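Take a walk through this model, from its cysteines to its salt bridges, aromatic rings and internal space.

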Amino acid sequence: MAGHFPEKAVHGGKVQELRRVFGHDFLDVSASMNPFVPQVSADFSCADLSVYPDDSYAELKECIARVFSRDPEEICLGNGSAELIRVYCHTMLRPGDVAQIDPPTFAEYGLSAQLAGAEVLRAEELAARVPAVRFLCNPNNPTGRLLPRGVMLAELDRCSAAGTQLFVDEAFMDLSEPEDSITDVRSDQLFVMRSLTKSFAVPGIRFGFGFGSPDLIRKIETARSPWTINAFAEYYAKLAFAKYHELRNSAQKIAAEREWYYERLRELGLSFEPSSVNYILIHLPRDAAVVTRAMIDQGVLVRDCTSFGLPSSIRVSVETRDRNIRVLEALAACLR
C-alpha cells in the first residue's frame, strides 16, 4: 500500500446512527432487504451459549449442501459476506497483484483487495497486465443489472484461459433470477458467494457463505477467524435453509412490485436503471446528497450513490406497496 491506507467503505443502513442524531425512527430503503421474507420461527433460547460452536460447522454445511447440491467440503462460512470478501482477498491476493473491479459496484471488493496489497484496476486500465482476481457482482449493486448464466460461464472461460480467479458475488441472486446462478459450477478458478442478510432481511445475524474448490475452501476456512459464526447465527441459518425454497415466491412478488414502481417513477419524470432485483438506481436532476438530506427530513433513508461514483443518483429498495407509496411521496416532495 506504499504508505497509503485506504478509507473505510461507505454503506447504507445507517438507521441506528440517525436515530441517535434525530431522536426518531426512519423508513430505511437504503439497505435493500427482502420485503416478502419467508416465515422463520426462531426461538433463540434454543441456541446453546454455554459451549463453543463447532468450528467446522458440519451440520450447517450439510444443510447448505442439501439446498445447493454441493459437497460440504466445497462450502465455507463467514460472519456476513464482508468477512468472506476480506478473507478471500487475503487468501488469493499478494502485494503487487492486480484485482480487476469495474465500477460502479460494491465497495468492499476494492477495499479488501487494497488491504491485501493488490492494485485495483478497471478493465480499460489493465493494458497488458493480467489480473490475479476478477470481481463480479451479479446482480450488480447498485445498478441491479443481471448478467445471464451464459455470459457468466463465458467470463469464467476467459478467466480460466488467462489464469485469473473469478470471484462472483450472488448476494441478491435469490431475489432476482436464480436460474442464472452459477453456484452449481465447479471450477478451480471460481468462487461464488451468497448471503442470508438480504434474502431473509436479517442484517443483524451476519451470515455469509460461499462455494469453491475443496482446496480453496480449506484455505479460506484456515484464514478466517475461528468460531466466526456465533451460536445465534448458526441456529437461525439452519432454520432459514429449511425455508430457502420459499425465496422464489419472494422474487416473484418483488418483480411485480418493481414494475409498479417503474410506472410511478416515470410519472415523476425520473430516469432509472432497469433492475432485476429488489432495488432501483434512480437518476436525479440535482445533487444526490441534497436529495438524501431532504429525504431524511421526510423520515426516509435512501442510499446516496455518490460513493459509487454516481453523485446524481440514489438507490432505493423495493418494499411493500404502502412503504413504496410513502417513499415516492417523500421523493416527489423533495424534488418540487
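Cysteine 76 is buried, at a relative accessible area of 0%. Here buried means under 20% relative accessible area, exposed means over 50%, and partly exposed lies in between (1.4 Å probe, protein chains only). The model is predicted: local features need pLDDT of at least 70, side-chain atom pairs count only at pLDDT 80 or more, and totals for chains, interfaces and linings use all residues. Residues are numbered from 1 along each chain as its sequence is written, and side-chain values use heavy atoms, leaving out hydrogens and water.

How many disulfides does a search of the whole structure find? The search finds zero. The criterion is a pair of cysteine sulfur atoms within 2.5 Å. Cysteine 76 is in no disulfide, and its nearest cysteine sulfur, on cysteine 89, is 13 Å away. Cysteine 305 is in no disulfide either; there the nearest cysteine sulfur belongs to cysteine 137, 13 Å away. Cysteine 305 also counts as buried, at 0% relative accessibility.

Turn to the charged side chains. A salt bridge here is a side-chain nitrogen of Lys or Arg within 4 Å of a carboxyl oxygen of Asp or Glu. By this rule the count comes to 24 salt bridges. One of them joins glutamate 119 and arginine 129, at 2.8 Å from N to O. This pair links distant parts of the chain: glutamate 119 sits in strand β4 (residues 119–121), and arginine 129 sits ten residues apart from it, in the loop between β4 and β5 (133–137). Helices (H or I, at least four residues) and strands (E, at least two) are DSSP runs, numbered from the N terminus. Glutamate 119 is partly exposed at 37% relative accessible area. Arginine 129 is partly exposed at 39%.

Glutamate 155 and arginine 134 form another salt bridge, with the closest N and O atoms 3.3 Å apart. Glutamate 155 lies in helix α5 (residues 149–162) and arginine 134 in strand β5, so the salt bridge ties together parts 21 residues apart in sequence. Are these two partners buried or exposed? Glutamate 155 is buried at 13% relative accessibility, and arginine 134 is buried at 10%.

Glutamate 221 bridges to arginine 224, with closest N and O atoms 2.8 Å apart. Both residues are buried. Shared partners extend this contact into one network of Asp55, Lys61, Glu221 and Arg224.

Now the rings. Rings of Phe, Tyr and Trp (its six-membered ring) pair if their centres lie within 6.5 Å; planes under 30 degrees apart are stacked, over 60 edge-to-face, and the rest tilted. The structure holds 24 aromatic pairs. Among them is the edge-to-face pair of phenylalanine 106 and tyrosine 109, 5.5 Å centre to centre with 80 degrees between the planes. Phenylalanine 106 is buried at 18% relative accessibility, and tyrosine 109 is buried at 0%. Tryptophan 260 and tyrosine 261 also pair edge-to-face, at 6.4 Å and 85 degrees. Both of these residues are buried. Phe68, Phe200, Phe207, Phe209, Phe211, Phe241 and Tyr244 form one aromatic cluster.

Phe211 leads on to the internal space, as one of the residues that line the largest cavity. The other lining residues are Arg70, Val185, Arg186, Ser187, Leu190, Val192, Gly212 and Ser213. The volume of this cavity is about 30 Å³. On a 1 Å grid over the protein atoms alone, a cavity is a set of points where a 1.4 Å probe fits but cannot get out, and lining residues have an atom within 4 Å of a point. The lining divides into four nonpolar, three polar and two charged residues.

Definitions and conventions: 1 Å grid on protein atoms, 1.4 Å probe; cavity = no way out; pocket = protein on both sides within 12 Å on 5 of 7 lines; lining within 4 Å. Points joined across faces, edges and corners; volume = space filled by probe spheres on them. Nonpolar A, V, L, I, M, F, W, Y, C, P; charged D, E, K, R; others polar.
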